[in-house]
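The exercises below ask you to read packing, burial and backbone geometry from a model, and each is followed by a solution in steps. Please work through each task with the sequence and coordinates open before reading on.

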Amino acid sequence: MRFITGILLIVFGISVSFSQADTAKLQFVFVGDIMQHGGQIAGAYNVKKDTYDYRDCFQFVKPIIQKGDISIANLEVTHAGKPYKGYPQFSAPPELSESLVDAGFNVIITANNHSCDGGSTGVVKTLDVLDHLGVKHTGTFRNKEERDKNYPLIVEKNGLKVVILNYTYGTNGLSVAKPLIINYIDSAVMLADFVKAREMNPDLIVCALHWGTEYQSLPNAYQKSWEKFCYDQGADMVIGSHPHVLQPVDVKEIKGEKKLTAWSLGNFVSNQRDRYKDGGMILMAEVKKASGKTVLGKVEQVFTWVYPRQEAVVKPFYILPEFNYADYRADFFDPESKDKYDLFFADSRSLFKDHSKGTTEFLVTGDKAVVGYYKKLLKGYYALEYPEQVYSSAEIIKPAFKPLIHKILGADGSYHWVLGYFEKEADAREIAHEAMIAEPKYVFISPTIYKLIP
């Protein structure tokens, strides 16, 4: 079983449960705008199966997202139904949110300037999709009763109670009729919400605001004014989105307490390809509770660049931290894309060097587990294939092996459920023996190959 435990912890980024002495520790992960322009929707379409596939888009950031106890994403589209379409009024396939949950996000915020893109139907259908997935969400509501019951959103993890608030500056001039509710940045509404939030006696209040001037790399007066408002009302973190470019992160002290402001997290995934717009960051923030007091710990950012790359029947929009990808897959970048990739990271570091305070950069090259995982994704790996119904059976697959299961899109457009990411065929065979899987099929998987091993 020691071999299995090593695989779970090292290869897949599975969180380790804290001991009783460490229960008051929490890791946040935040990302910015999740868009679905027309090119992304077309790229995700699997013509062989008449479905959409987004899992590979998130495969390089999945182990980082899974580091979070609370991982929060801004869903800046609706799931209004077909016909699926991009800008200016987004309606994305529900498979997008399925892949967000698969990647490790456990909180989705929905108040942004595209909340009303699909009208009342879009608001409700988006909430229906998220409810079906069982993921926590906040920012838009079917009616006042639902908002009164579920807002502010409470998330309890590792012995800490977190309140999450979410508001948008507007909805592009669109509106929806009552009883639907969109959370707008409004002082009277927010004052009442903060009162309710404080009465919940949380350990932390996080306020996510959709604000700012598009494509500007520094916060404006509007953002600074509302940041102060939130901190005056007891917020501990203010996390921003909307400008579609990175803005700085500030760790500051207010009345003797450390606070965290992320002015704009940029585009987590989009088809905006111009300089500064073609990427964003993952923000990781640790909080600890000791002697009844919750304090902000280490804050790190991971810069990420979006790379549309045709892979067989689909075109994933890969979200890429900086890494030596070409060392393991020589043809991964074309020269033009590599130049844009390099420029994005140079620009991001320059901005943070000049304007950010209190954060450090997290580099995946320093994380052996992530490096090992990337090598397998790029060069290929071995796994066990078995019918989906077998993997859903607790009697056949032991619970310890469940986290190793993942869905694969083959180069021919077919889907397969497999177990494991193994560098060697012998490792796959050992797992099959330990998992007591009868007559398993062994396969080799790479970006262009899905091959059965005799």
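**Exercise 1.** Determine which residues Leu26 touches, leaving out those up to four places away in sequence, and decide whether Leu26 is buried or exposed.

Solution. Contact means heavy atoms within 4.5 Å, and by that criterion Leu26 touches Asp69, Ile70, Lys157, Asn158, Leu160, Val162, Ala285, Glu286 and Val287. Next, place the residue: Leu26 lies in strand β1, where helices (H or I, at least four residues) and strands (E, at least two) are DSSP runs, numbered from the N terminus. Finally, Leu26 has a relative accessible area of 1% and is therefore buried, given that buried means under 20% relative accessible area, exposed over 50% and partly exposed in between (1.4 Å probe, protein chains only).

Before going on, note that this is a predicted model, in which local features need pLDDT of at least 70 and side-chain atom pairs count only at pLDDT 80 or more, while totals for chains, interfaces and linings use all residues. Residues are numbered from 1 along each chain as its sequence is written, and side-chain values use heavy atoms, with hydrogens and water left out.

**Exercise 2.** Find the residues with the most contacts inside the largest nonpolar core, and state which strand gives the largest share of this core.

Solution. A nonpolar core is a set of buried Ala, Val, Leu, Ile, Met, Phe, Trp, Tyr and Cys residues joined through side-chain atoms within 4.5 Å. The largest one has 92 residues, and Phe28, Phe58, Met237, Leu260, Phe268, Ile282 and Tyr325 have the most contacts inside it. Strand β17 (residues 293-308) supplies the largest share of this core, namely seven residues. Apart from this core lies another, of 21 residues, including Phe141, Met200, Phe229 and Cys230. To examine one residue of the larger core, take Ile282, which, with residues up to four places away in sequence not counted, touches Val29, Phe30, Val31, Val61, Ile64, Ile65, Phe268, Glu300, Gln301, Val302 and Thr304.

**Exercise 3.** Describe how helices α7 and α8 pack, giving the angle at which their axes cross and the residues that make the contact.

Solution. Two packed helices are described by the angle between their axes and the distance between the axes. Axes are lines fitted to C-alpha atoms, for helices over the stretch in contact, and angles run from 0 to 180 degrees between N-to-C directions. The axes of α7 (residues 187-199) and α8 (residues 221-232) come within 10 Å and cross at roughly 30°. The two helices are therefore roughly parallel to each other, since angles under 35 degrees count as roughly parallel, over 145 as roughly antiparallel, 65 to 115 as roughly perpendicular and the rest as oblique. The crossing of α7 past α8 is right-handed, a crossing being left-handed if the near helix is turned anticlockwise from the far one by less than a right angle, and right-handed if clockwise. Ser187, Met190, Leu191 and Phe194 of α7 make the contact with Trp226, Phe229 and Cys230 of α8.

**Exercise 4.** Work out which residues of helix α4 are buried, and which residues of α4 and α5 meet.

Solution. In α4 (residues 95-103), the buried residues are Glu95, Leu96, Ser97, Ser99, Leu100 and Ala103. These buried residues pack against β1 (25-34), β3 (51-52), α3 (62-65), β4 (70-75), β5 (107-109) and α5 (119-133). For the pairing with α5, the angle is about 35° and the axes are 10 Å apart, and the crossing is right-handed. Ser97, Glu98 and Val101 in α4 meet Val129, Leu130 and Leu133 in α5. Just after α4, Gly104 takes a positive phi of about 120°.

**Exercise 5.** Locate the cis peptide bonds at Pro83 and Pro179, then place Asn158 and Ala312, each of which has a positive phi.

Solution. The bond joining Lys82 and Pro83 is cis, with omega about 0°, and Pro83 sits in the loop between β4 and α4. The bond joining Lys178 and Pro179 is also cis, with omega about 15°, and Pro179 lies in the loop between β9 (160-168) and β10 (181-182). Asn158, a residue other than glycine, has a positive phi near 50°; Asn158 is found in the loop between β8 (153-157) and β9 and, at 25% relative accessibility, counts as partly exposed. Ala312 has a positive phi of about 55° although it is not a glycine; Ala312 is placed in the loop between β17 and β18 (317-321) and is partly exposed, with a relative accessible area of 43%.
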